[in-house]
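Reader: I'm new to this one and would like a guided tour. Could you show me how to read its features step by step?

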Amino acid sequence: MAASEVRIPVLVVGGGLAGLTTTLMLAWRGVPALLVERHSDTSKNPRARGVNFRSMELLRVAGLEPDLMAEGGAMKDFSIIIAETVTGRELRTLLPRGSWDSSDLTPAQMSGAGQDRVEPILRRHAEALGADVRYATELVEFEQDGSGLTATIRDLHTRAESTVRADYMVGADGNRSSVRQRLGIGMQGAGTLSHNMAIVFEADLEPALRGRSLALYYLQNPGFTGAFINTERPNRALVSVEYNPDKNRPADFDERRCTELVRAALGIPDLEVNILEVTPWEMASRTAERYTQGRVFLAGDAAHTMPPTGGLGGQTAIQDGYDLAWKLALVLHGQADEQLLATYEAERKPVGAMTVALQTANYIERLRPDRQDLKPHAEPSDYLGVAFGYRYRSPAILQDGADDGSPVEDPGQPCGRPGTRGAHVVFQHRGKEISSLDLIGRDFVLLTGPEGAAWARAGTLLAYNCAVPLSVYRVGSDLLDVYGKWTQRYGVTAAGAVLLRPDGYIAWRARTAASSAASALYEAFTSILFRAPDKLTASRADHNRAALG
């Protein structure tokens with residue numbers, strides 16, 4: 001019998017990148033959340049190395065960029081190479097050293113921090129904002145009803161059980177997700193690609209790295225297939241090798257064998273090696289048939305499992321969590337109807353499937369060119385398109401013209417159409433230069449052109465009278481367009497307007513003036529927030545009453 005009962009708006013199951021991001025961003029938006037994770041602490045494995053530009057654009061709104069950069073440093077020295085060994089014959093250079101310049105695409109930096117460094121930062125910020133994060137705690141069971149769900153959780157140290165009553169639950173509990181299995185949600189895709197052994201070790205890496213701060217090697221060797229990546233800690237790295245489970249067991253990888261594998265991977269037969277951790281893991285390619293069932297949402301590896309070849313698995317998990325958090329917060333704060341939550345699957349599932357396809361194609365190219373049987377039927381989009389240029393389509397995205405159906409947009413040639421990420425434009429605001437992406441975060445953001453005074457007035461009145469979470473900026477007065485790129489990158493005239501969501505995606509656009517800016521903007525918000533006109537109007541009074549208690 002449960003010893004206690006907890007009442008919480010959102011229960012998050014799983015303390016990886018997806019679960020921690022969801023919990024952090026809910027807390028940042030004023031929504032209490034309880035996270036339970038069966039492991040005793042955050043990850044000690046430096047897998048999922050790096051926080052890419054798109055993920056950083058999201059995490060920086062809550063102030064995490066300085067900590068993430070302090071832990072991992074900028075990835076300006078990053079190189080990716082296919083080779084027989086780290087010091088041996090190089091077969092192909094995928095990313096030359098120091099060739100990555102994103103300054104025209106984003107204000108965000110890319111951190112080299114591994115998952116073992118990122119997770120503690122997410123946890124620390126979440127707890128500082130009041131989130132309840134419990135490790136060594138497992139989900140025992142749960143049951144949904146019309147108004148929420150009831151779950152039983154167990155402290156693995158004391159064995160004490162608690163009952164949790166929540167409005168919603170997020171299953172972010174990994175590729176073997178018990179939440180997904182209990183919901184009966186199946187998986188689609190190629191399935192298991194390989195069995196691998198991850199070896200974290202310490203050694204003198206200077207002879208192998210030759211002054212490089214960060215290097216990723218995909219190893220195609222006659223004796224093994226695997227990968228090498230160093231960490232932000234000097235002389236600490238990870239080697240992962242494939243093995244045949246019909247011939248080997250995880251227990252066969254003792255210290256002696258792991259040392260031999262590390263030496264073979266680096267191509268240094270007499271290297272002194274200190275083995276720190278050895279972990280078996282399965283490389284798979286699959287996506288969940290559904291991301292949502294009732295009041296439960298799947299995120300991260302519970303929703304999509306992909307090879308790490310491309311580094312987008314952890315990024316997709318972070319972005320899942322961010323998307324869920326802002327939508328759940330709007331619904332729980334009474335600012336949007338529950339129908340908004342259905343757009344999570346509509347928007348994120350295609351992105352997950354596209355990312356799995358790209359990383360699977362990378363696995364064939366970089367590690368197993370003999371596995372042409374795994375090649376996707378359609379040619380996947382390139383890295384920048386998938387990582388930066390993915391498009392959303394849902395009822396919360398109001399298209400303003402014919403849709404060409406493309407899953408991505410070239411980030412270097414943005415057009416401002418609804419469903420795409422708002423382009424980076426440099427503005428001067430209050431005496432200093434900022435990016436258009438520095439304006440996103442808690443609220444929707446309405447950007448209007450120099451001749452868009454009617455849009456600005458309509459947005460200000462809407463925000464006040466209807467308690468819509470909206471900030472309004474007028475280019476030419478509030479914001480000065482430093483390089484004159486605003487109208488081109490957003491596809492509007494000087495009299496137009498663009499509505500950015502809290503994730504920086506364009507929800508609606510007016511290319512020029514309208515006969516009634518107030519009516520047009522009002523109708524857009526009723527659609528985007530799935531609110532009937534009378535409910536949208538009443539929300540300001542409801543908000544004021546709630547504030548007065």
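Author: Let's start with accessibility: a residue counts as buried under 20% relative accessible area, as exposed over 50%, and as partly exposed in between, using a 1.4 Å probe and protein chains only. By that scale N235, at 37% relative accessibility, is partly exposed. Before we go on, this is a predicted model, so to speak of local features we need pLDDT of at least 70, side-chain atom pairs count only at pLDDT 80 or more, and totals for chains, interfaces and linings use all residues. Residues are numbered from 1 along each chain as its sequence is written, and side-chain values use heavy atoms, with hydrogens and water left out.

Reader: Where does N235 sit along the chain?

Author: First, how elements are named: helices (H or I, at least four residues) and strands (E, at least two) are DSSP runs, numbered from the N terminus. N235 is in the loop that links β11 (224-230) to β12 (236-243). Its phi is near 65°, a positive value in a residue other than glycine.

Reader: And R430, is that one buried or exposed?

Author: R430 is exposed, with a relative accessible area of 79%. You'll find R430 in the loop between β17 (426-429) and β18 (432-435). R430 is not a glycine, yet it has a positive phi of about 55°.

Reader: What does G496 touch, apart from its neighbours within four places in sequence?

Author: Contact here means heavy atoms within 4.5 Å. With those neighbours set aside, G496 is in contact with L447, T448, G449, W455, A510, R511 and T512. Take R511: it is 15 residues from G496 along the chain, and their C-alpha atoms are separated by 4.6 Å. G496 itself lies in the loop between α12 (486-490) and β22 (497-500), and it counts as buried at 0% relative accessibility.

Reader: Now the interior. Which residues touch the most other members of the largest nonpolar core?

Author: The general idea is that in soluble globular proteins, nonpolar side chains tend to be buried together. A nonpolar core is a set of buried Ala, Val, Leu, Ile, Met, Phe, Trp, Tyr and Cys residues joined through side-chain atoms within 4.5 Å. In this model the largest one has 115 residues, and W508 and F525 touch the most other members. Helix α8 (residues 313-332) supplies the largest share of this core, 10 residues. There is also a second, separate core of 29 residues, which includes A83, L209, L271 and I275.

Reader: How do I read two helices packed together?

Author: Two packed helices are described by the angle between their axes and the distance between the axes. The axes are lines fitted to C-alpha atoms, for helices over the stretch in contact, and angles run from 0 to 180 degrees between N-to-C directions. Angles under 35 degrees count as roughly parallel, over 145 as roughly antiparallel, 65 to 115 as roughly perpendicular, and the rest as oblique. Try helix α1 (residues 17-28) with α8: they pack at an angle of about 30°, with axes 7 Å apart. So α1 and α8 are roughly parallel to each other.

Reader: Which residues of α1 and α8 meet?

Author: L17, A18, T21, T22, M25 and L26 from α1 meet G314, A317, I318, G321, Y322, A325, L328 and A329 from α8. For classes, Ala, Val, Leu, Ile, Met, Phe, Trp, Tyr, Cys and Pro count as nonpolar, Asp, Glu, Lys and Arg as charged, and the others, Gly among them, as polar. The α1 contact with α8 has 10 nonpolar, 4 polar and no charged residues.

Reader: What about α8 and α9, at what angle do they cross?

Author: The axes of α8 and helix α9 (residues 342-366) cross at roughly 175° and come within 11 Å. They are therefore roughly antiparallel to each other. Here the contact of α8 with α9 divides into 2 nonpolar, 6 polar and 5 charged residues.

Reader: Can we zoom in on D323?

Author: Sure. D323 is found in helix α8 and is buried, with a relative accessible area of 2%. Beyond its neighbours within four places in sequence, D323 is in contact with Y344, E347, R348, Y392, R501 and D503.
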